[in-house]
Amino acid sequence: MSIKAKRLRAQPVSRLLEQPGGLGDVMRMATLIERAQNHLRRQLPPDVAEHLYVGGYRNGVLTLITDRAAWLTWLRYEQPRLLKLLHQLPGFEAVMKFSLKVRPIRPVKAIPRQTRRLSPAGAEALTHCAEGLEDSPLKRSLNRLASHADATAEPCDAPSSDGPA
């Protein structure tokens, strides 16, 4: 039994962009949303503008998102003015009202890197332990670990293996 693969012909990008409900519609909507956001931000005071995002548009309702409830209250009072500003922009005459939402933006916290240091005494102990082994993966691993010793630290006075002097 054989499986025959259906050969699809490559489609031109223009056809993919023109299909209804396809990539072209998404790109046009993204462009419109970006234009609306930039237009509104230019008209708003700088301290408010940096907290305003346009989230989407559907059925005559433009969604505005802010990161704090205080800015949301300010936007509620400014809705009529913002609607007039938006109607100045070609393509946004059909916007009837706003949907206002608060979506706190949490900054991405970098996980603090835990660095561990190997003292010279620890490196010496690992090297001494590796000396007693035949050539094996364990011996190579111990020597590799010992090579990570902090070179800036002073080696501690370890007792000599020769015995008392």
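Let's start at the hairpin: β1 and β2 form it, with two residues between them. One residue to find in that turn is Asn-59, which has a positive phi of about 50 degrees. Please keep in mind as we go that this is a predicted model.

The two arms of the hairpin are strand β1, residues 52-58, and strand β2, residues 61-66. How do β1 and β2 pair? They run in the antiparallel sense, over six bridges. If you want one spot to look at, find Gly-56, which stands opposite Thr-63 in β2.

Now stay with β2, which has a second partner. Strand β3, residues 97-102, pairs with β2 in the parallel sense, again over six bridges. Here you can look for Ile-65, whose bridge partner in β3 is Lys-101. Is β2 mostly covered or mostly open? Mostly covered: five of its six residues are buried.

To get from β2 to β3, follow the chain through helix α4. Together, β2, α4 and β3 make a right-handed β-α-β unit.

Let's zoom out for a moment. The protein comes to six helices and three strands. Reading along the sequence, you meet them in the pattern α-α-α-β-β-α-β-α-α. There are 165 residues, and 23% of them count as buried. What about contacts across the sequence? Taking contacts between residues at least 6 apart, 51% join residues at least 24 apart.

Next stop, helix α2, which covers residues 23-43. Here is a small check you can do yourselves. At 1.5 Å a residue, the 21 residues of α2 should span 30 Å, and the end C-alpha atoms are 31 Å apart, so the two agree. Which residues of α2 are buried? They are Gly-24, Ile-33, Ala-36, Gln-37, His-39 and Leu-40.

Let me pick His-39 from that group. Its relative accessibility is 8%, and because the cut-off for buried is under 20%, His-39 counts as buried. And what does His-39 touch, once we set aside residues up to four places away in sequence? The answer is Leu-85, Leu-86, Gln-88 and Leu-89.

Just after α2 comes Leu-44, in the loop between α2 and α3. Leu-44 is also buried, at 5% relative accessibility. Leaving out neighbours within four places, Leu-44 is in contact with Ala-49, Leu-52, Trp-74, Arg-81 and Leu-82. Let me dwell on Leu-82 from that list. Leu-44 and Leu-82 are 38 residues apart in sequence, but 8.9 Å apart in space, C-alpha to C-alpha.

Arg-81 was on that list too, and it takes us to the salt bridges. How many salt bridges are there? The count comes to two.

One of them joins Arg-81 to Glu-78, with the closest N and O atoms 2.6 Å apart. Both residues lie in α4, residues 69-87, and they are three residues apart, about one turn of the helix. Is Arg-81 buried or exposed? Somewhere in between: Arg-81 is partly exposed, with a relative accessible area of 34%.

The other salt bridge is between Asp-135 and Arg-140, where the closest N and O atoms are 3.5 Å apart. Asp-135 counts as exposed, at 66% relative accessibility, while Arg-140 counts as partly exposed, at 44%.

Before I stop, a word about confidence. The protein averages a pLDDT of 80, and 83% of the residues score at least 70. Where does pLDDT stay under 50? That happens over residues 155-165, for which the model has three contacts beyond four places in sequence. Where pLDDT is low, the predicted coordinates should not be read in detail.

So, if you open the structure later, here is a short route to follow. Begin at the turn with Asn-59, move across β2 to its parallel partner β3, then find buried His-39 in α2, and finish at the salt bridge between Arg-81 and Glu-78. Thanks, everyone!

Conventions. Residues numbered from 1 in each chain as written. Predicted model: local features only at pLDDT ≥ 70, side-chain atom pairs only at ≥ 80, totals over all residues. Heavy atoms only, no water. Helix = DSSP H or I, 4+ residues; strand = E, 2+ residues; numbered from the N terminus. Buried < 20%, exposed > 50% of the residue type's maximum accessible area, 1.4 Å probe, protein only. Contact = heavy atoms within 4.5 Å. Salt bridge = Lys/Arg side-chain N within 4 Å of Asp/Glu carboxyl O. pLDDT = per-residue confidence, 0-100. Expected span 1.5 Å × (residues − 1). Pairing = 2+ DSSP bridges. Right-handed = clockwise from strand over helix to strand, strands pointing away.
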